[in-house]
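Grab your viewer and work through the exercises below with the fold in front of you. Try each task before reading its solution.

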Amino acid sequence: MLKIISVVGARPNFMKIAPIHRAFLRSGKINSLIVHTGQHYDRKMSDVFFTQLELPKPDFYLGIGGGSHTYQKANVMLAFEKIILDEKPDVVLVVGDVNATAACSITAVKMGINCVHVEAGLRSGDRSMPEEVNRIITDSICNTLFVTEQSGLDNLKREGVPDEKVFFTGNVMIDNLIYLKPKSQRNNILQKLCVIKNDFVLMTMHRPHNVDNSDSLNDILRIIKDVSKHKKIVFPMHPRTKNNIEKYQLTSEFEKIDSLIIEGPLGYLEFLNLMENSVMIITDSGGIQEESTYLQVPCITFRDTTERPVTINLGTNFLMKDLDPITVNEKFLDILAGNQKQGVIPPLWDGKAAERITEILLKHY
């Protein structure tokens with residue numbers, strides 16, 4: 001049996017590891033262990049982990065929690081080193097671009113363990129983003145790189161990565177979406193929030209650039225006021241965003257908007273249901289760009305750059321480089337009038353990426 005330790009750190013990792021773990025178990029040839037570093041861990045996340053994504057309880061929970069990037073990485077490395085010494089895995093598998101991704105890949109490679117990266121090659125070109133630094137570090141040292149889109153192949157080739165290390169396998173996030181979509185359609189989140197299909201906008205906003213200062217938050221407030229004149233807005237609010245709204249004494253301004261429905265973080269099934277049934281998504285998230293492309297829902301993304309250009313080139317994503325309320329309202333009304341992208345589903349986003357990854361690992365390790 002091939003022993004593989006898969007690492008999850010933050011919430012997006014859960015959705016990427018779930019289909020991989022299922023594929024490992026189906027193979028009957030892999031002893032699949034899961035390490036949760038604890039970068040995100042609360043009651044709601046536990047529900048996502050254990051119940052909604054059909055994942056087992058993690059074999060190891062490091063409990064690192066929050067703190068600076070240096071604190072997280074250093075403590076993850078120290079704790080993960082002990083697990084590698086005890087378990088002696090054949091392969092360590094990391095996903096995405098969180099601090100645990102870089103920390104565990106460094107630890108594994110330093111200890112002579114094969115390390116593979118799922119979702120490799122994505123680049124925003126903005127090294128001020130912690131995620132970008134994590135991606136570059138991880139890709140530069142891992143033995144095998146699994147890529148989700150053509151830009152990943154292009155970026156790794158440009159960086160001089162040998163072709164034999166790189167495999168275009170598709171997108172495990174989409175594997176998870178396809179697998180859980182029927183289940184998500186059975187929950188009652190639309191009824192609970194009193195919204196109906198194609199008659200509301202789904203919004204998320206959490207990146208420091210957008211929510212850590214009063215000017216940006218006031219721009220978001222103005223955007224919400226403009227959009228809410230036409231559609232209800234469902235806003236599952238990230239704790240960071242909520243805390244900053246309170247910090248800058250804007251809570252009452254948000255609460256007085258009648259058509260704005262503010263929720264706390266939602267489970268994956270509830271959020272997937274909202275994505276599928278929304279008329280439009282407004283976000284600054286990375287993964288939502290991909291999921292909205294698969295679901296063929298228009299998406300406005302507030303980012304200077306995107307590491308997922310396929311969502312713009314082939315998908316339904318519009319990149320907006322600033323929060324200017326006038327420009328955003330014009331784009332919103334334009335999309336609402338029917339001038340949206342006729343996107344297509346990118347190559348290999350077919351629900352079988354985890355199967356391809358499993359086959360490659362069994363062949364090479």
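What follows is a set of exercises on this predicted model, each with a worked solution.

**Exercise 1. Work out the strand order of the open sheet, and say which strands stand at the edges.**

Step 1: Trace the sheet from one side to the other. Seven strands form it, in the order S3-S2-S1-S4-S5-S6-S7, and the pairing is parallel.

Step 2: Look at the ends of that order. Strand S3 (60-61) and S7 each have a single partner strand, so one side of each is left without a neighbour in the sheet.

Step 3: Zoom in on the S3 end. Strand S2 (residues 30-36) pairs with S3 in the parallel sense over two bridges, and His36 stands opposite Tyr61 in S3.

**Exercise 2. Describe how strand S5 is joined to S4 and S6, and find the handedness of each crossover.**

Step 1: Start with S4 (residues 91-95). Five bridges join this strand to S5, and the two run parallel. One spot to check is Val92, which sits opposite Cys115 in S5.

Step 2: Follow the chain between the two. From S4 the path goes through helix H4 (residues 99-110) to S5, giving a right-handed β-α-β crossover.

Step 3: Now take the other neighbour. S5 pairs with strand S6 (residues 144-147) over four bridges, again in the parallel sense. Here Ala120 has Val147 in S6 as its bridge partner.

Step 4: Get the second handedness. S5, helix H5 (residues 130-141) and S6 make up a β-α-β unit that is right-handed.

Step 5: Check how covered S5 is. Of the seven residues in this strand (residues 114-120), six are buried, so to speak "mostly covered" fits.

**Exercise 3. Which residues of helix H6 are buried, and how are they arranged around its axis?**

Step 1: List them. In H6 (residues 150-158), Ser151, Gly152, Asn155 and Leu156 are the buried residues.

Step 2: Look down the axis of H6. The buried residues fall within an arc of 130°, so they line one face of the helix.

Step 3: Recall the helix geometry. An α-helix has 3.6 residues a turn, so residues three or four places apart point the same way.

Step 4: Turn to the other side of H6, where Lys157 and Arg158 are exposed.

Step 5: Ask what does the covering. The elements over the buried residues of H6 include S5, H5, S6 and strand S7 (166-168). Just past the helix, Gly160 takes a positive phi of about 85°.

**Exercise 4. Find the aromatic pair in the structure and classify its geometry.**

Step 1: Search everything. One aromatic pair turns up in the whole structure.

Step 2: Name the partners. Phe146 and Phe167 pair at 6.0 Å centre to centre, with 40° between the planes, which makes the pair tilted.

Step 3: Place them in the fold. Phe146 lies in strand S6 and Phe167 in strand S7, so the pair ties together parts that are 21 residues apart in sequence.

Step 4: Test both for burial, using the cut-off of under 20% relative accessible area. Phe146, at 1% relative accessibility, counts as buried. Phe167, at 19%, also counts as buried.

**Exercise 5. Compare the surroundings of Leu145 and Thr107.**

Step 1: Locate Leu145. This residue is found in strand S6, and at 0% relative accessibility it counts as buried.

Step 2: Collect its contacts. Not counting residues up to four places away in sequence, Leu145 touches His117, Ala120, Asp139, Leu156, Val161, Lys165, Val166 and Phe167.

Step 3: Do likewise for Thr107. Helix H4 holds this residue, and 6% relative accessibility counts as buried for Thr107. Leaving aside neighbours within four places in sequence, Thr107 is in contact with Met77, Phe80, Glu81 and Ile84.

Step 4: Get the separation. The C-alpha atoms of Leu145 and Thr107 are separated by 17 Å, with the two positions 38 residues apart along the chain.

**Exercise 6. Identify the residues that touch the most other members of the largest nonpolar core.**

Step 1: Take the core of 54 residues. Leu93 and Leu274 touch the most other members. Helix H1 (residues 11-27) gives the most to this core, with seven residues.

Step 2: Inspect Leu93. Beyond its neighbours within four places in sequence, its contacts include Ile4, Val7, Phe24, Val116 and Leu361.

Step 3: Look for a separate cluster. Another core, of 29 residues, lies apart from the first and has Met203, Ile223, Val279 and Leu323 among its members.

Note on methods:
Residues numbered from 1 in each chain as written. Predicted model: local features only at pLDDT ≥ 70, side-chain atom pairs only at ≥ 80, totals over all residues. Heavy atoms only, no water. Buried < 20%, exposed > 50% of the residue type's maximum accessible area, 1.4 Å probe, protein only. Pairing = 2+ DSSP bridges. Right-handed = clockwise from strand over helix to strand, strands pointing away. Arc of directions from axis to C-beta. Contact = heavy atoms within 4.5 Å. Core = buried A, V, L, I, M, F, W, Y, C linked by side-chain atoms within 4.5 Å. Phe/Tyr/Trp six-rings, centres within 6.5 Å; stacked < 30°, edge-to-face > 60°.
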